[in-house]
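Reader: Please pick a single part of this model and look at it closely. Start with a cysteine, then work through the packing and the open space.

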Amino acid sequence: MREIDVPLPDGRTLHAYDVGPADAPVTVGWHHGTPNTGEPPVPLLGDGVRWISHDRPGYGGSTPHPGRDVASVAADVAAVADALGVGRFVAAGHSGGGPHALACAALLPDRVAGVLCICGIAPRDADGLDWFAGMAAAGAAELRAADAGRDALAELLASAEFDPDQFTESDHAALAGPWS
């Protein structure tokens, strides 16, 4: 596996992975689940397939991208594919990566030859959806706690009492966190 850091025009860096032969007949652009990193899934690797991926902003070795949305992934994936010399590929993602794979298929139609969404998650705010239905109690509790923590952090950052000068550079990076 080859790992590279891809610098982006906005100053961010994406940590990318490249596994398999560069001349493979099929390249898969992998989108990791939440909260994984982009290292391609070893059990799925096989001869004749090239896997490329990256750590989403704020995960692993990729810098945060505050304010990003799922659609933002398309530009990041295009930058990674360009850096690795990849033209067309199949977008594949599981869990939290499923919507990212679908976004690439929708926004990069000249580059994405197909899409595979494995157990992709639905938007949390979809009308009539009980987003936590069917989840294990521990997983649902973890996600609810993460929501509460994110909301509390957003409230703190927006408050008049927040003084960004009291934090070090590493504190700022931690505050940006993987939820960005």
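Author: Cys 119 is exposed, with a relative accessible area of 67%. That value, like the rest here, comes from a predicted model.

Does this residue pair up or stand alone? The count of disulfides is 0. Cys 117 is in no disulfide, and the nearest cysteine sulfur to it, that of Cys 119, is 8.3 Å away. Cys 119 is in no disulfide either; for this residue the nearest cysteine sulfur is that of Cys 117, 8.3 Å away. A disulfide needs the two sulfur atoms within 2.5 Å, so this pair does not count as one. Cys 117 is partly exposed, with a relative accessible area of 35%.

Cys 104 is another matter. Cys 104 belongs to the largest nonpolar core, which has 20 residues. Within this core, Phe 89, Cys 104 and Leu 108 touch the most other members. Four elements each supply at least two of its residues: strand S2 (13-19), helix H1 (73-83), strand S5 (89-94) and helix H2 (98-107). H1 gives the largest share, 6 residues.

Take Leu 108. Leaving aside its neighbours within four places in sequence, Leu 108 is in contact with Ala 74, Val 77, Ala 78 and Phe 89. A second core, of 5 residues, lies apart from the largest one. Among its members are Val 19, Val 28, Trp 30 and Trp 51.

Which residues of H2 are buried? They are Gly 98, His 100, Ala 101, Ala 103 and Cys 104. An α-helix has 3.6 residues a turn, so residues three or four places apart point the same way. The buried residues of H2 pack against strand S3 (26-31), H1, S5 and strand S6 (112-118).

Now the open space. The largest pocket holds about 1,100 Å³. Its lining has 31 residues. Nearest the centre of the pocket lie Thr 34, Tyr 59, Ile 121, Arg 124 and Arg 150. H2 and helix H3 (137-158) are the elements that give two or more residues to this lining. H2 thus lends buried residues to the packing and also lines the pocket. H3 gives the most to the lining, with 7 residues. What classes make up the lining? By class, 12 residues are nonpolar, 11 are polar and 8 are charged.

Notes
Residues numbered from 1 in each chain as written. Predicted model: local features only at pLDDT ≥ 70, side-chain atom pairs only at ≥ 80, totals over all residues. Heavy atoms only, no water. Buried < 20%, exposed > 50% of the residue type's maximum accessible area, 1.4 Å probe, protein only. Core = buried A, V, L, I, M, F, W, Y, C linked by side-chain atoms within 4.5 Å. Contact = heavy atoms within 4.5 Å. 1 Å grid on protein atoms, 1.4 Å probe; cavity = no way out; pocket = protein on both sides within 12 Å on 5 of 7 lines; lining within 4 Å. Points joined across faces, edges and corners; volume = space filled by probe spheres on them. Nonpolar A, V, L, I, M, F, W, Y, C, P; charged D, E, K, R; others polar.
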